[in-house]
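Please find below some notes on the structure shown here. They are arranged as numbered points, to be read alongside the sequence and the 3D view.

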Amino acid sequence: MLSSVQRESFTERGYIKIVGLLTEAEVALLRERLEDVLYGRVTWPPRMFQTLDPQKFRAPSGLPMPEGIQRPALVDERFQRVTQHPHLLAIVRDLIGENATLYTDQVILKTPGIGVETHFHQDGFYWRNSAERTVNCWIALDDAGADNGCLCFLPGSHKGGLVEHEAYYDTPTLHQGETGTPFQRLRIPLEQVDFSREVPEPAQAGDCLIFTKYTWHRSAPNLSAQQRRAYAVAFHAPV
Ligand SMILES: O=C(O)CCC(=O)C(=O)O
């Protein structure tokens, strides 16, 4: 399924890009569902959301503006279908083994003109008890470039294992959808990052970046007028 060059790149750099994993039509179905959420045509439980400050920002539905949505595949068939996508599963099984199954999933929406920065982190620090072979598959739902917050990686960073993270509040602060209270995230302390080694990875809608749970990655704020939505699906292969 993957070429030896792709497999080697994953091993050496800690990530690979799969161009055109989803078709335009498949991406359109997911975007449409996210519009349904923003416009209140479907209602998902508030506990699924991380939002911008509800005192300052509202979606067209009048509800708090989501920046993150946890586990959409549990409530929505369109997202669930992506977690069972034969091409994606074949690639993931090629990378981490035949017993790979869904670990978690989330949507990340970077609201145009605001969309908060995500600092360098390792997903494995959030997923402390995850299997050694756990990968995140980040699928662009819009074209993502330097101006609207594409992912940036530190190639080879996965080889150093887990490093200590610190908790931080975003600017502007994210809030927990259920309680409306400010929400902390985790990052590698900024002074430990060699930013001269980072590699931005622009992606077109439908492309997928697959990276290990140890790979350092981040994304800049979306200061453009363009949307930058993504669907990240993680798979693990427990021993
Ligand atoms: O979509 C983003 O900007 C950040 C995504 C991310 O860090 C992740 O999925 O682990």
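1. What percentage of the 239 residues in the protein chain is made up of buried residues? In this predicted model, buried residues account for 42% of the 239 residues in the chain.

2. Overall dimensions come next. A compact globule of 239 residues would have a radius of gyration near 18 Å, and the protein chain, with 17 Å, agrees with this. Along the principal axes, the C-alpha atoms fill a box of roughly 50 × 40 × 35 Å.

3. As to secondary structure, the protein chain has five helices and 13 strands. Of the contacts with a separation of 6 or more, 81% join residues that are 24 or more positions apart in the chain.

4. One open sheet consists of four strands, ordered S5-S12-S7-S10, with antiparallel pairing. Its edge strands are S5 (118–121) and S10 (199–201), each of which pairs on one side only. From one strand to the next, the twist averages 25 degrees.

5. Within this sheet, strand S7 (residues 151–153) pairs with S10 in the antiparallel sense, over three bridges. Phe153 has Val199, in S10, as its bridge partner.

6. The ligand should be examined with its surroundings. The residues around the ligand are Ile108, Thr118, Asp123, Asn136, Trp138, Gly149, His217, Ser219, Ala230 and Ala232. Strand S6 (134–140), strand S12 (217–219) and strand S13 (228–236) are the elements that give two or more residues to this shell. By character, the shell residues divide into four nonpolar, five polar and one charged.

Key
Residues numbered from 1 in each chain as written. Predicted model: local features only at pLDDT ≥ 70, side-chain atom pairs only at ≥ 80, totals over all residues. Near = placed C-beta within 6 Å. Nonpolar A, V, L, I, M, F, W, Y, C, P; charged D, E, K, R; others polar. Rg over C-alpha atoms; globule rule 2.2 N^0.38 Å. Buried ≥ 20, exposed ≤ 12 C-beta atoms within 10 Å, placed from the backbone. Contact = placed C-beta atoms within 7 Å. Pairing = 2+ DSSP bridges. Axes fitted to C-alpha atoms, helices over the stretch in contact; angles between N-to-C directions.
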